[in-house]
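Welcome, and please take a moment to turn the model around before reading on. The report below walks through a few spots worth a look on screen.

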Amino acid sequence: MGLFDIDTWQEILETVRGNKLRTVLTGFSVAWGILMLVVLLGSGRGLSQGVEYQFRDDAVNSIWIRPGQTSEPFAGLGPGRRVQLTNADHAEFAERVDGVEHITSRYYVNNAVLRRGAETQTFQVRSVHPGHQHLEKSLVIAGRYLNPLDLDERRKVAVIGRRVREALFPELGGVERRAAQGALGAWVEVSGVPFRIVGVYDDEGNDRETEIVYIPISTAQRTFGGADHVHQIMFTTGTLPLAATDALAEETRQRLARRHRFDPGDQRAVSVENLNEQFQRFMSLMDGIRLFVWMIGIGTLLAGIVGVSNIMMISVAERTREIGVRKALGATPLSIIVLVLLEAVLLTSVAGYLGLVAGVGLLELLARAPASDFFRNPSVELQTALLATALLVTAGAVAGFVPARRAAAIRPIDALRDE
């Protein structure tokens, strides 16, 4: 008697057919367990991808600095002072701080009206440095982005978003890249000042991120009366580990506190936001959710496996006389163990496979539903499916092992006396 013995499998199938209701109910418990495991794992992956989607628009390895208002007295100065970032602050981080990779500052041109011929629209205008492209993950689809020469010469050039191009150049239409090429070299007025379009960009974020116009910060400061003021500074931290970025964020606050004379512990004076920390916090939360999902799913699956083991114990008890006759006719304990184990593995594997298919099918239905920003593309990876399959086979063997040992230990004379 062995794995490839036809008689063995015929006997197992006869046992299954003889106890249909019991087999179906036991198989359902196993199928339900693996279905729940797959759905929970897929849903956890959907949540994880939703969190990553929230960070798609900005570089996660970055630190963002926003000025505020002091809330505590310091060195004889009262609270309520506005902190004003300047070009000198930008130069401080760009030239003297280790760990800064790409850096940019922002100066906002408020209530900017864009005009091209008869087309007039109001869009957000951000004046930035060339490094801003890396912070916002802007994808240039035609022309180029801002460069250092634009800042040095204070050129009146602009890089417009895809939606801006569609609004100001409705006649271009057609394929997006070809239409974007058609906008290059054209002039648009920004609050009455002409700027030449040198690039068109798309963005990995939502459409609102393509409704923005970027111009050189040096040009905006001179043209729109910004002096040397900046509204925001941000920079990427390259491949620095989380602990190093935390130290860099603290160094950033300390430097600004010394330059602008406020208490370093005054959180309202300057906001230093470490996106590295936020991203890692969310990822740690997702890891915890995945661990919890595995615990719940495996617990549900184990409940089904315990049911299989109990059913096999009942099956062995019902077949005591049969097993005694087998052993009296020369059947070895190993052959009895193989018979019981194969029945348990068959039951768990078939039921588990059906549950696996049902779970994957349910995830496919969920994936086709309208996408949410916090739950996207729930799915199960191939290695997870293979792991679930291996888990099923192992669980089936474990479920049948104890009943199999009991069956192998039955003495023929005791089994023949069994009623």
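In which loop is alanine 75 found? Alanine 75 sits in the loop that links β1 (62-67) with β2 (85-86). Keep in mind that this is a predicted model.

**Two residues with positive phi**

Most residues other than glycine have a negative phi. Alanine 75 has a positive one, near 50 degrees. With a relative accessibility of 52%, alanine 75 counts as exposed, because the cut-off for that class is over 50%.

Serine 191 also deserves a glance: phi there is positive as well, near 50 degrees, and serine is not glycine. You will find serine 191 in the loop between β9 (187-190) and β10 (193-203). Its relative accessibility is 36%, so serine 191 counts as partly exposed.

**The chain as a whole**

Stepping back, the protein chain holds 14 helices and 14 strands. Of its 419 residues, 43% are buried. The chain exposes about 20,800 Å², and carbon and sulfur atoms supply 58% of that area. Now take the contacts between residues at least 6 apart in sequence: 77% of them join residues at least 24 apart.

**Some residues and their partners far along the chain**

Three residues illustrate such pairings, and the table gives their C-alpha separations.

| Residue | Partner | Separation in sequence | C-alpha to C-alpha distance |
|---|---|---|---|
| Leucine 366 | Valine 39 | 327 residues | 9.9 Å |
| Valine 109 | Glycine 225 | 116 residues | 9.7 Å |
| Glutamate 189 | Leucine 114 | 75 residues | 5.4 Å |

Leucine 366 belongs to helix α12 (residues 333-368). Its relative accessibility is 35%, so leucine 366 is classed as partly exposed.

Valine 109 is part of strand β3, which covers residues 103-109. Is valine 109 buried or exposed? At a relative accessibility of 9%, valine 109 counts as buried, because the limit for that class is under 20%. Setting aside residues up to four places away in sequence, valine 109 touches Val125, Ile215, Ala220 and Phe224.

Glutamate 189 lies in strand β9. This residue has a relative accessible area of 32% and is therefore partly exposed. Which residues does glutamate 189 contact, leaving aside neighbours within four places in sequence? They are Val113, Leu114, Arg115 and Pro194. Leu114 is thus both a contact of glutamate 189 and the partner whose C-alpha atom is 5.4 Å from that of glutamate 189.

**A helix pair**

Finally, have a look at two helices that meet. Two packed helices are described by the angle between their axes and the distance between the axes. For helix α3 (residues 87-96) and helix α9 (residues 242-260), the axes come within 11 Å and cross at roughly 140 degrees. Angles over 145 degrees would count as roughly antiparallel, and 65 to 115 as roughly perpendicular, so α3 and α9 are oblique to each other. The crossing of α3 past α9 is right-handed.

Which residues make this contact? On the α3 side they are Ala88, Asp89, Glu92, Phe93 and Arg96. The α9 side supplies Thr252, Arg255, Leu256, Arg259 and His260. Sorted by class, the contact of α3 with α9 has five charged, three nonpolar and two polar residues.

Note on methods. Residues are numbered from 1 along each chain as its sequence is written. This is a predicted model: local features need pLDDT of at least 70, side-chain atom pairs count only at pLDDT 80 or more; totals for chains, interfaces and linings use all residues. Side-chain values use heavy atoms; hydrogens and water are left out. Axes are lines fitted to C-alpha atoms, for helices over the stretch in contact, and angles run from 0 to 180 degrees between N-to-C directions. Helices (H or I, at least four residues) and strands (E, at least two) are DSSP runs, numbered from the N terminus. Angles under 35 degrees count as roughly parallel, over 145 as roughly antiparallel, 65 to 115 as roughly perpendicular and the rest as oblique. A crossing is left-handed if the near helix is turned anticlockwise from the far one by less than a right angle, and right-handed if clockwise. Contact means heavy atoms within 4.5 Å. Ala, Val, Leu, Ile, Met, Phe, Trp, Tyr, Cys and Pro count as nonpolar, Asp, Glu, Lys and Arg as charged, and the others, Gly among them, as polar. Buried means under 20% relative accessible area, exposed over 50%, partly exposed in between (1.4 Å probe, protein chains only). Accessible areas come from the Shrake-Rupley method with a 1.4 Å probe; for residues, only the protein chains shown count as cover.
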